[in-house]
Amino acid sequence: MKILFTSTGSEWSSKIDPRFGRAEYLLIYDTEKDELISTDNRSVNGKAHGAGTATAQKVFDLSPDVIITGNGPGENAARVLQHLNPKIFIDAQGLSVKDAYEKYSAGDLSQLPLS
Amino acid sequence: MAQTSNVFKLAVASGKGGTGKTLLSTNLASFVSEFDDVLLVDLDVEEPNDSIFVKGLVSDVHPQYKMVPQWDVARCDLCGDCVDICNFNALVNVGKMIVVYENLCHSCHACSELCHKKALPMKKHHVGDVSVIKSQNLTLLEGRLNVNEEQPVALINNVHSLVNQNWSKYQIFDSPPGTSCSMVASTGKCDYILLVTEPTPFGLNDLKLAVDAAKLMKRPFGVVINKYGSGNKDVEEYCRDNGIEVLGKIPFDISIAERYSKGELLLDKHCFRSVVSSLYNKLENIRISQNG
Amino acid sequence: MDSIREIVVLSGKGGTGKTSVASSLAYLAGKEAILADCDVDASNLHLIMGPDIIKKELFYGGEVAQIDIETCIQCGKCKEVCRFDAISFSAGVHTIDNLSCEGCGYCSRVCPTGAITMMPRLSGEFYISGIRNGSQMSHAKLFAGGENSGKLVATVKKNAYRMAKERGCDYLITDGAPGIGCPVVSSLSGAKVALLVTEPTMSALHDLKRVLFVVRRFNAIPLLVINKSDINEAVSEEIKIFAKSEKIEHLADIPFNTAFVESMGKARIVAEENQFLKGIFESVWEKAKEVADSSVQN
């Protein structure tokens, strides 16, 4: 299973980035391979419009089964994610990626329904 | 009063919001309409207010569009080139389709024209409306952006084209506040820009930015100070020190605010009317010297 | 509570008193809150807060096309494809008008000699500053003619969130943009409360209704303050009725007050200068915090 975290850094110790569209890093944790791979998303800030869509495209291409983030995707990004249908968990801001993962595993993060 | 046989495009703008652009535009237009045909254009398309003050009949509503790409499932091979081409991230490839974000599209046509399968034909996307409201000699064109649209510039440009095709008389453009792209799109094509300010530190700060914008567009401009008598003298001094003409001073008067709050024009109020009248005469001199 | 609660001050119409309210709330919040000035097009908050700039960075918004005259063969393909009238041809030379160029890049793609490059467009500056209430402010300046796409607003917000995190602030007070466009959308992103500041004029009520549509697209809870409330009792009533029908809690009326006007005239914080007005702002701040806090607990 692949879990995506919106993050402010590329390590397990980095803090979760509450923003989705302008998240600085996208971290993918592959549970089967026990591998954490980081994608630098900061270039999304180089465009005037559509950070949400640009990030959503990247997320789509990474195709995670689960997304762990802070505020949740805005309406532009949500439209893309509908085609992927991941499980989205929110309100992980303030936690490190590691702690967020632990909380998710314990079932303590709130899930967002994608209507 | 002089006959206005030539087109004169007057923009009414400001840096700061709430300084009195609409107050001035609607009353000046009403004043001119007492003796001549006049066109008032409300370009504050995000929050158009002129129709509150100009009471007349809506004779027409023209829907306005911008062109956006439409995905053609039959032709597309999902190569994803269009996603790379779009500089505004308005296209996303979700594996089995291309999702188009009309709200982000700038209508550059690049994706559509460069698609090797011609799978993104352009179609019209409704962004807002232009209403035509007539009140005797005064015609009001109101641009109104749909609430879910985020970009005012395309609509503002549409309204300018509409004006050029259909009207040739004294034209007053009530512009949106600020000094960014909407203000530039509103005022850049005008013959003269009237900057409305207030005698406060905010008014002065924003006036300087508006002056920068006017100079960037190489447009002649002048200033009207509203709420004159309140605040301080810094705006007046700044204009004097920089050779900027102050074409009018609207006095700070609570009864003006009260009448405005009710959606009323103020030409029956003597002290206000005389400011508008004197402003009009000065603008006439400017118009005549521009044509000469 | 771990997460930062953001309160964004909006109005629809300009000039209703957003900046006065935001600065007064920041004054009362002190080190509890970071202040963000997201009204980047002709911003005013810095005039009141007297910031000491700690960090300044250049802001690049979008791109602008540039023609290399050496490589250009004057074929005119760029001018053919430009939809924004940004390329003109005169005296045998093609030139780009920076103000009209929207940075779409189409011309650079069709140029046969690669003479056109898309360059990052310098549109403004953004700052992190110390302010005299002991806290910090994230703010920016958009240069005249710049594209107000919401990106600079997003940058100001991103910095503000980081500052709040670093300083352990629970709240973020954002002075939002007027209108209903991209900057407003950007101002609302992540906010828990939208504090709507209006005035009893027909224009302000009209604009309030429009900005409310935008607020409803987000999860922010709208609250209402009527400024200069006594200049028109009838419209004031109409606004209150509208708010009730929309289930927007009406927090306070701020009567038209010469002290208010005087404070603004000297670019001073209203709550600092006047006890009576301070009392009103105190209750607004307490309530805004309460609503923001309860929205996270759910």
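Val9(C) stands opposite Asp175(C), a residue of β8(C). That pair is our way into this predicted model. Five bridges tie strand β1 of chain C, residues 5-10, to strand β8 of chain C, residues 171-175. The two strands run parallel.

Now widen the view to the sheet. Nine strands of chain C build it, and the sheet is open. Their order is β3-β6-β7-β2-β8-β1-β9-β10-β11, with mixed pairing. In this order β1 stands between β8 and β9. At the edges are β3 (52-67) and β11 (249-254) of chain C, each paired on one side only. On average, neighbouring strands are turned by 20 degrees against each other, direction ignored.

Helices come next. Helix α1 of chain C covers residues 18-29. This helix lies across β1, β2 (33-37), β8, β9 (193-198) and β10 (221-227) of chain C. Its direction makes about 160 degrees with β8(C). Helix α8 of chain C, residues 233-245, also packs on the sheet. There α8(C) touches β9, β10 and β11 of chain C. The angle between α8(C) and β10(C) is about 170 degrees.

Step back to the domains. In chain C, the assignment gives domain 1 as 5-50 + 131-297 and domain 2 as 62-122. Domain 1 of chain C is thus written as two segments, with domain 2 numbered between them. The C-alpha centres of these two domains of chain C lie 41 Å apart. Chain B is divided as well: domain 1 is 8-64 + 128-291, and domain 2 is 71-120. Over C-alpha atoms, 39 Å separate the centres of domain 1 and domain 2 of chain B.

How do the chains meet? Start with B and C. Their contact takes 47 residues from chain B and 46 residues from chain C. On the chain B side, the elements giving two or more residues are α4 (110-114), α6 (181-187), α7 (201-216) and α9 (254-261). Helix α7(B) gives the largest share, eight residues. By class, the side of chain B that touches chain C has 18 nonpolar, 21 polar and eight charged residues.

Chain B also touches chain A. Here 12 residues of chain B are in contact with 12 residues of chain A. What is the make-up of the side of chain B that touches chain A? Eight of its residues are nonpolar and four are polar. No charged residues appear on the side of chain B that touches chain A, whereas the side of chain B that touches chain C has eight.

Notes
Residues numbered from 1 in each chain as written. Chains lettered and ligands numbered in written order. Predicted model: local features only at pLDDT ≥ 70, side-chain atom pairs only at ≥ 80, totals over all residues. Contact = placed C-beta atoms within 7 Å. Helix = DSSP H or I, 4+ residues; strand = E, 2+ residues; numbered from the N terminus. Nonpolar A, V, L, I, M, F, W, Y, C, P; charged D, E, K, R; others polar. Domains from an automatic or database assignment. Pairing = 2+ DSSP bridges. Axes fitted to C-alpha atoms, helices over the stretch in contact; angles between N-to-C directions.
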